[in-house]
Amino acid sequence: MARLLEVKDLKTSFFTDVGEVKAVNGISFNLDRGKVLGIVGESGSGKSVTAYSIMQILTGTGKIVSGSIKYDGKELVGAGEKVMKDIRGNNISIIFQDPMTSLNPTYTIGHQLTEAIILHTDRNKKQAWDRAVEMLRLVNVNEPEKRMKQYPYEFSGGMRQRVMIAMALACEPDILIADEPTTALDVTIQAQILELMKSLQEELGMAIIMITHDLGVIAQMCDEVIVMYAGSICEQGTADEIFYNPKHEYTKGLLRSIPSQANAGKKLEPIAGTPIDLLNMPKGCAFAPRCDVAMKICLKENASRMQINDDHQAACWVNVREAISNE
Amino acid sequence: MSENTPLLEVKDLKQYFTINTGLLQSKQLKAVDGVSFSINKGETLGLVGESGCGKTTVGRSLLNLYKPTSGQIFYEGKEIKTRNDIKEFRKKATMVFQDPYSSLNPRMTVSYIIGEPLDVHKLYKTKEEREARILELMGYVGLNSEHASRYAHEFSGGQRQRIGIARALAVNPDFIVCDEPVSALDVSIQAQVINMFEELQEKFGLTYLFIAHDLLVVRHISDRIAIMYLGKMVEIADAEEIYNHPLHPYSKSLLSAVPIPDPKIARTNKRIVLSGDIPSPLNAPSGCPFRTRCAYAVERCAETMPEFKEVSTDHFVACHRTSEIN
Ligand SMILES: Nc1ncnc2c1ncn2[C@@H]1O[C@H](COP(=O)(O)OP(=O)(O)OP(=O)(O)O)[C@@H](O)[C@H]1O
Ligand SMILES: Nc1ncnc2c1ncn2[C@@H]1O[C@H](COP(=O)(O)OP(=O)(O)OP(=O)(O)O)[C@@H](O)[C@H]1O
Ligand code: SF4
Ligand SMILES: [Mg+2]
Ligand SMILES: [Mg+2]
């Protein structure tokens with residue numbers, strides 16, 4: 001059986017007045033059925049652009065430059081808008097960070113949900129309405145029949161995000177991409193939404209790509225984790241490998257810099273320097289200018305991805321040096 | 001000042017806003033509704049709670065940036081009442097704002113932004129003295145002198161927050177309200193700014209009211225933590241005490257809901273997931289503000305507001321059923 005999603009050497013750029021911004025610069029990963037894949041990384045590292053590339057909803061001057069994205073064995077890059085529309089309607093859905101910008105304030109929730117369902121399925125109006133009510137109930141919106149007739153501003157932030165999830169799930173996707181789905185929400189509401197996503201994922205057997213900068217959310221939700229830095233994947237592995245055996249200096253720095261049991265009462269260890277500027281990329285490893293243990297080679301050449309063990313890959317020269325000295 | 005006089009004491013602070021709800025109609029929004037707490041010298045009191053519960057309003061009204069509807073504020077044991085009291089108080093108490101992107105005027109230079117409070121409070125005699133003080137302040141927050149003539153919009157979020165902190169330090173304050181000073185920053189930059197707050201505190205003996213919604217950050221930086229819900233204080237205790245033994249049903253669920261960045265703990269963690277949404281402060285429930293989401297609510301909870309009581313040394317809780325459910 002073909003893999004559910006297979007991304008190979010994907011490159012996406014924005015062609016701006018001041019030059020080419022290589023937002024996603026050659027990334028590869030796979031996603032299997034029913035799995036939850038987390039993507040973490042610094043602001044601007046290309047997490048959202050990765051998601052938009054998969055959906056082919058890039059805005060402005062953004063373009064997939066090269067690479068391959070296969071859904072269930074079928075190539076999507078270059079497949080054309082007609083195919084993508086079908087994919088977006090039936091197979092892969094996305095929910096965005098800010099539910100207010102993705103709901104139209106001038107239409108009722110019911111209208112928007114039924115329109116989306118009619119667009120993506122062959123249900124008639126009555127069937128779509130019933131399905132929408134059913135979806136609202138599924139995401140724990142109380143009194144769904146009444147709620148269908150209300151407008152987005154009458155909903156709280158958490159309820160709107162649940163409506164977005166309902167809308168994304170209405171077409172029964174195999175893959176749900178969630179781009180910072182809880183960042184705008186309060187902790188207790190975030191807990192509701194994450195619980196809901198997890199139970200729906202188990203019930204419906206879909207795969208989730210969970211994009212977030214919150215390592216706590218990653219630890220709670222994900223089987224597999226991708227860590228991005230400056231448009232590349234610097235490390236990838238099971239959640240346990242990433243948290244307990246990090247093998248890229250950026251990941252190590254990230255884990256050291258967040259407050260935890262281990263550094264309670266101590267100084268945090270921040271990552272030095274300033275975030276990357278994609279228009280002025282350094283030669284060699286993109287993290288080298290901020291890396292405490294950078295070697296000469298790091299400033300010259302990019303490390304390629306190395307298999308740490310069956311569940312873990314990382315692209316960092318420190319691992320190469322260790323491997324050599326162990327020989 | 002004696003050992004056990006707190007630096008700052010807030011008693012029954014209320015801040016109501018009048019909201020127009022339609023033609024010639026208005027309603028009172030009780031943003032802060034009878035809040036009391038104190039902060040000791042050199043201490044950090046963390047203030048947490050969900051969006052809209054009144055954290056920023058507490059900070060603003062205790063600094064008299066809003067005129068409080070009612071309540072008393074004591075600084076070094078002396079009540080702040082007259083306009084002159086307020087003026088003097090503002091030289092000792094300042095604020096760092098929530099959003100480094102909107103709280104600084106992007107078209108002003110760094111030296112103008114940091115120098116402004118010096119001008120307002122006339123804290124220098126000569127121009128040279130002013131310049132020297134600005135450079136000194138920039139040094140404290142790790143900005144170098146070349147930055148002085150650059151504009152705020154040329155800086156990253158973390159650097160802008162440093163500019164905001166330098167500005168707050170300009171008056172030589174004893175007390176700073178830090179309103180979500182790291183929330184808008186990337187995780188990798190947050191640690192730099194948190195460390196800076198801690199270093200400045202040691203260096204100048206500063207006292208902080210540290211508002212944040214990231215509970216891991218608050219736990220890291222705070223000596224004691226105060227938890228608010230819908231304009232009311234529900235619990236205050238020592239930071240470790242409140243994390244290990246939260247007594248209020250809201251605190252229990254809030255703390256259990258924090259995603260812990262450790263997969264093994266996350267897998268076994270028992271989360272208390274609340275049903276329902278946070279009520280609007282315009283339609284706050286009668287009695288206990290939390291009762292509409294509380295698993296322990298009984299009739300009494302709808303009838304009277306529970307008193308904010310000290311249940312063990314320095315541990316305050318507002319719940320009718322504290323002793324029954326713990
Ligand atoms: N429309 C655009 N035009 C030009 N550059 C863009 C555009 N959209 C994104 N970029 C650039 O692409 C890079 C990757 O952006 P992306 O939104 O994927 O980051 P991210 O990892 O999702 O960050 P965040 O955590 O802040 O959401 C950034 O450097 C960004 O400036
Ligand atoms: N100037 C104002 N006029 C009217 N209502 C206000 C004003 N300032 C705040 N409020 C209202 O008072 C309540 C408390 O707001 P506040 O900003 O203090 O909350 P907060 O706890 O700081 O929230 P957040 O975490 O989102 O910053 C909210 O309902 C808010 O809408
Ligand atoms: S007073 Fe009643 S409703 Fe409020 S927290 Fe306690 S038990 Fe719950
Ligand atoms: Mg993004
Ligand atoms: Mg606030």
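## A term to start with

A polar contact here is a pair of N or O atoms within 3.5 Å. That cut-off helps with ligand 2, where an oxygen atom of the ligand is 3.3 Å from a polar backbone atom of Cys53(B). The pair falls within the limit, so it counts as a polar contact. Please keep in mind as you read that this is a predicted model.

## Ligand 2 and chain B

Let's stay with ligand 2 for a moment. It has 16 residues around it, and those that come nearest are Ser51(B), Gly52(B), Lys55(B), Thr56(B) and Thr57(B). Gly52(B) offers a polar backbone atom 2.8 Å from an oxygen atom of ligand 2. Thr57(B) takes part through its side chain, where an N or O atom is 2.5 Å from an oxygen atom of the ligand. On its own, ligand 2 has 640 Å² of accessible area, and the protein covers 69% of that.

Which elements of chain B give two or more residues to this shell? They are strand 1 (8-22), strand 2 (25-39) and helix 1 (55-62). Helix 1 of chain B gives the most, with three residues. Sorted by class, the residues around ligand 2 are seven nonpolar, six polar and three charged.

## Ligand 1 and chain A

Over in chain A, ligand 1 is surrounded by 13 residues, of which Ser43(A), Gly44(A), Lys47(A), Ser48(A) and Val49(A) are the closest. Three side chains are worth a look here. An N or O atom in the side chain of Ser43(A) is 2.6 Å from an oxygen atom of ligand 1. For Lys47(A), a polar side-chain atom lies 2.8 Å from an oxygen atom of the ligand, and the side chain of Ser48(A) likewise places an N or O atom 2.8 Å from a ligand oxygen.

How much of ligand 1 does the protein cover? The answer is 66% of the 640 Å² of accessible area that ligand 1 has on its own. Strand 1 (5-16) and helix 1 (47-55) of chain A are the elements that give two or more residues to the shell. Helix 1 of chain A gives the most, with three residues. The shell divides by class into four nonpolar, six polar and three charged residues.

## Ligand 3

Ligand 3 has 13 residues around it, and four cysteines and a histidine come nearest: Cys288(B), Cys294(B), Cys301(B), Cys319(B) and His320(B). The shell as a whole holds nine nonpolar, two polar and two charged residues. A small caution on reading that count: Cys is placed in the nonpolar class.

## Where the chains meet

Now to the interface. Contacts join 39 residues of chain B to 41 residues of chain A. The size of an interface is often given as the accessible area lost when the parts come together. Between chain B and chain A the buried area is about 3,200 Å², with carbon and sulfur atoms giving 59% of it. On the side of chain B, the residues that lose the most area to chain A are Val187(B), His220(B) and Pro259(B), which together make up 17% of what that side buries.

How many salt bridges are there between chain B and chain A? The count is one, and the side chains of Asp240(A) and Arg267(B) meet in a salt bridge with an N to O distance of 2.4 Å. Twelve residue pairs are in polar contact across this interface, both residues being at pLDDT 80 or more. On the side of chain B that touches chain A, helix 6 (187-204), helix 7 (215-221), helix 9 (249-257) and helix 10 (263-268) each give two or more residues. Helix 6 of chain B gives the most, with ten residues. By class, this side has 19 nonpolar, eight polar and twelve charged residues.

## Links within each chain

Over all chains the structure holds 28 salt bridges. One of them joins the side chains of Asp32(A) and Arg3(A), at 3.1 Å from N to O. Asp32(A) lies in the loop between strand 2 (19-31) and strand 3 (36-41) of chain A, and Arg3(A) in the segment before strand 1, so the pair ties together parts that are 29 residues apart in sequence.

In chain B, Glu79(B) lies in strand 5 (residues 78-79). Its side chain makes a polar contact with the side chain of Gln72(B) at 3.3 Å. Leaving aside neighbours within four places in sequence, Glu79(B) is in contact with Gln72(B), Ile73(B), Phe74(B) and Asp85(B).

How values were computed:
Residues are numbered from 1 along each chain as its sequence is written. Chains are lettered from A and ligands numbered from 1 in the order in which they are written. This is a predicted model: local features need pLDDT of at least 70, side-chain atom pairs count only at pLDDT 80 or more; totals for chains, interfaces and linings use all residues. Side-chain values use heavy atoms; hydrogens and water are left out. A residue is near a molecule or strand if one of its heavy atoms lies within 4 Å of it. A polar contact is a pair of N or O atoms within 3.5 Å; within protein, one must be able to donate a hydrogen and the other to accept it, and residues adjacent in sequence count only if both atoms are side-chain atoms. Accessible areas come from the Shrake-Rupley method with a 1.4 Å probe; for residues, only the protein chains shown count as cover. Helices (H or I, at least four residues) and strands (E, at least two) are DSSP runs, numbered from the N terminus. Contact means heavy atoms within 4.5 Å. Buried area is the accessible area (1.4 Å probe) that two parts lose on being put together, summed over both. A salt bridge is a side-chain nitrogen of Lys or Arg within 4 Å of a carboxyl oxygen of Asp or Glu.
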